[in-house]
Amino acid sequence: MKAVVFKAPYELSVENVADPKIEGPLDAVIRITTANICGSDLHPYEGRANLDAGMVLGHENMGIVEEVGPGVDRISVGDRVSVPFNLACGTCRNCNNGYTSACLRANPSGQPGAGYGYPMMGPYWGGQAELLRVPWADFNLLKLPEGKENESDFTMLSDIFPTGYHGAEMAMVAPGKSVAVFGAGPVGLMAAHSAFIKGASQVFIVDKEPDRLALAEEIGATPINFADMDPTEAIMEGTDGFGADCGIEAVGYQAHDHTGEEHPEMVLDNLVKVVRATGHIGVVGVYVPEDPGATNELAKEGRVAFNYGEVFTKGISLMGGQCPVKKYNRELRDLIIRGKSKPSWIVSHEVSLDEAVDAYAKFDKREDGYTKVLLHP
Ligand SMILES: NC(=O)c1ccc[n+]([C@@H]2O[C@H](COP(=O)([O-])OP(=O)(O)OC[C@H]3O[C@@H](n4cnc5c(N)ncnc54)[C@H](O)[C@@H]3O)[C@@H](O)[C@H]2O)c1
Ligand SMILES: [Zn+2]
Ligand SMILES: [Zn+2]
């Protein structure tokens with residue numbers, strides 16, 4: 001099959017690799033119809049997370065079931081499915097408690113949590129390819145209505161829509177709350193959308209990319225360009241000096257100032273400033289335990305020096321981590337089916353697998369409005 005293969009930082013190739021096969025009785029093989037490029041894919045792409053050469057990329061996958069193992073009975077050949085980026089066994093303690101993001105059995109390294117085509121998440125090939133093997137298929141796969149309708153909406157269910165929702169959940173967004181979202185990438189945009197679904201009265205969104213801020217404005221969020229103003233002052237002013245009830249971090253460890261210089265603590269510090277005392281912060285932007293490419297010595301060891309003293313003094317709750325996609329994807333799917341949500345509004349480019357190398361380069365530079373790229377094998 002054809003696949004997007006990681007060679008080295010900034011070096012990918014679209015080439016032929018062996019077709020994935022059913023390896024165990026609970027496996028399925030999916031024929032991919034859509035696989036998205038994610039901001040997380042840029043971590044290995046930029047060499048800011050080590051990935052073995054030869055790995056097939058892609059954790060945002062959907063398609064049609066091509067083949068199932070003899071132990072699979074809920075999912076059938078021909079089903080249209082969304083594949084959560086977390087790959088989970090369904091029977092361990094964490095899976096049973098709903099934390100499929102921290103499955104204790106799926107990652108052979110022993111680290112909790114596994115995924116497709118991503119550093120430290122196990123040996124599983126990704127789905128930026130024609131075919132994808134899905135272990136524990138009955139547990140992992142989400143069925144979608146048959147046909148081709150809403151393809152570019154449903155494709156957001158494998159990661160960023162649930163992840164944005166998880167940010168809003170951890171930030172305890174509820175009817176009437178004011179929300180500050182940092183980062184207007186796909187995850188931040190989904191967090192803003194989710195905050196409105198949960199009934200927020202006011203959603204601020206901070207970034208420096210005008211095209212991304214414009215997308216946020218389309219759904220009623222208040223855009224704040226941090227290249228033009230101090231985002232903390234703008235949010236304090238916009239909340240009559242009270243600060244936001246809820247804060248969502250959708251940037252991650254490569255947070256930077258308007259010149260592009262990285263400051264990994266910058267967004268956390270800003271959130272602590274703008275979230276009011278006893279408010280809540282949800283962190284879905286990724287932070288890593290080791291970052292050899294970090295700009296300071298502490299951050300190289302995953303130590304991000306933000307103002308924890310202020311967090312404690314203000315009694316702010318702070319939660320973070322990978323999104324347990326299965327916790328939310330069924331209900332978010334139903335919002336799409338019933339016409340209450342259209343997450344495809346953020347899609348900027350749809351290209352074939354052959355164009356993936358160029359699409360990665362442009363998405364990485366945030367060129368030409370590259371916000372969310374869908375690959376169609
Ligand atoms: N927790 C999870 O389960 C999960 C799942 C998917 C993605 N993620 C992570 O979420 C983060 C965002 O993903 P994405 O796909 O939207 O990535 P992205 O790189 O496309 O977007 C990040 C945005 O943050 C902006 N930004 C940078 N510095 C900023 C600052 N100081 N203030 C405000 N905005 C700033 C950038 O301009 C960019 O638009 C990444 O860290 C990604 O790895 C986490
Ligand atoms: Zn993703
Ligand atoms: Zn498990």
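A residue counts as buried if 20 or more other C-beta atoms lie within 10 Å of its own. Keep that cut-off in mind as you look through the views below, and remember that the model is predicted.

**View 1. The whole chain, a fold in which buried residues make up 51% of the 377 residues.**
Let us start with the overall picture. The secondary structure comes to 13 helices and 15 strands. Measured out along the principal axes, the C-alpha atoms fill a box of roughly 60 × 45 × 40 Å. How does the radius of gyration fit a compact globule? A compact globule of 377 residues would have a radius of gyration near 21 Å, and the chain has 20 Å, so the two agree. Contacts also reach far along the sequence: among those between residues at least 6 apart, 71% join residues at least 24 apart.

**View 2. Helix H5, residues 160–170, is mostly covered.**
How many residues of helix H5 are buried? The count is 11 of its 11 residues. Among them are Ile160, Phe161, Tyr165, His166 and Met170. The cover over these buried residues comes from several places in the chain, and it includes helix H6 (186–197) and helix H12 (329–337). Strands take part too, including S11 (244–249), S12 (275–283) and S13 (317–320).

**View 3. Helices H5 and H6 pack at an angle of about 60°.**
Two packed helices are described by the angle between their axes and the distance between the axes. For H5 and H6, the axes are 7 Å apart. With their angle of about 60°, the two helices are therefore oblique to each other. Their crossing is right-handed. Which residues meet here? On the H5 side they include Ile160, Phe161, Gly164 and Ala168, and on the H6 side they include Pro186, Val187, Met190 and Ala191. The residues of this contact divide into 9 nonpolar, 5 polar and no charged.

**View 4. Helices H8 and H9 pack with their axes 9 Å apart.**
Here is another helix pair to explore. Helix H8 covers residues 231–238, helix H9 covers residues 266–274, and the angle between them is about 20°. Are H8 and H9 roughly parallel or roughly antiparallel? Angles under 35 degrees count as roughly parallel, so H8 and H9 are roughly parallel to each other. The crossing of this pair is right-handed. From H8, the residues Pro231, Thr232, Ile235 and Met236 meet Asn270, Lys273 and Val274 from H9. That contact is made up of 4 nonpolar, 2 polar and 1 charged residues.

**View 5. Met172 follows helix H5 and has a positive phi.**
Most residues other than glycine have a negative phi. Met172 has a phi near 55°, a positive value in a residue other than glycine. Where does Met172 sit? It is in the loop between H5 and S8. Met172 is partly exposed, because 17 other C-beta atoms lie within 10 Å.

**View 6. Met120 also has a positive phi, near 65°.**
This residue belongs to the loop between helix H2 (93–96) and strand S6 (131–134). Is Met120 buried or partly exposed? With 16 C-beta neighbours inside 10 Å, Met120 counts as partly exposed.

**View 7. Ser178 lies in strand S8, residues 178–182.**
Why does Ser178 count as buried? The reason is its neighbours: Ser178 has 25 C-beta atoms inside 10 Å, so it counts as buried. Leaving aside neighbours within four places in sequence, Ser178 is in contact with Ala200, Ser201, Gln202, Thr239, Ala244 and Asp245. You can also look for Gly199, which is 21 residues from Ser178 in sequence and 9.6 Å away in space, C-alpha to C-alpha.

**View 8. Ala299 is found in helix H10, residues 297–300.**
Ala299 is buried, because 21 other C-beta atoms lie within 10 Å. Which residues does Ala299 touch, not counting those up to four places away in sequence? They are Pro264, Asp291, Ala294 and Val304. Glu265 is 34 residues from Ala299 along the chain, and the C-alpha atoms of the two are separated by 9.0 Å.

Methods: Residues numbered from 1 in each chain as written. Chains lettered and ligands numbered in written order. Predicted model: local features only at pLDDT ≥ 70, side-chain atom pairs only at ≥ 80, totals over all residues. Helix = DSSP H or I, 4+ residues; strand = E, 2+ residues; numbered from the N terminus. Buried ≥ 20, exposed ≤ 12 C-beta atoms within 10 Å, placed from the backbone. Contact = placed C-beta atoms within 7 Å. Rg over C-alpha atoms; globule rule 2.2 N^0.38 Å. Axes fitted to C-alpha atoms, helices over the stretch in contact; angles between N-to-C directions. Parallel < 35°, antiparallel > 145°, perpendicular 65-115°, else oblique. Left-handed = near helix turned anticlockwise from the far one by under 90°. Nonpolar A, V, L, I, M, F, W, Y, C, P; charged D, E, K, R; others polar.
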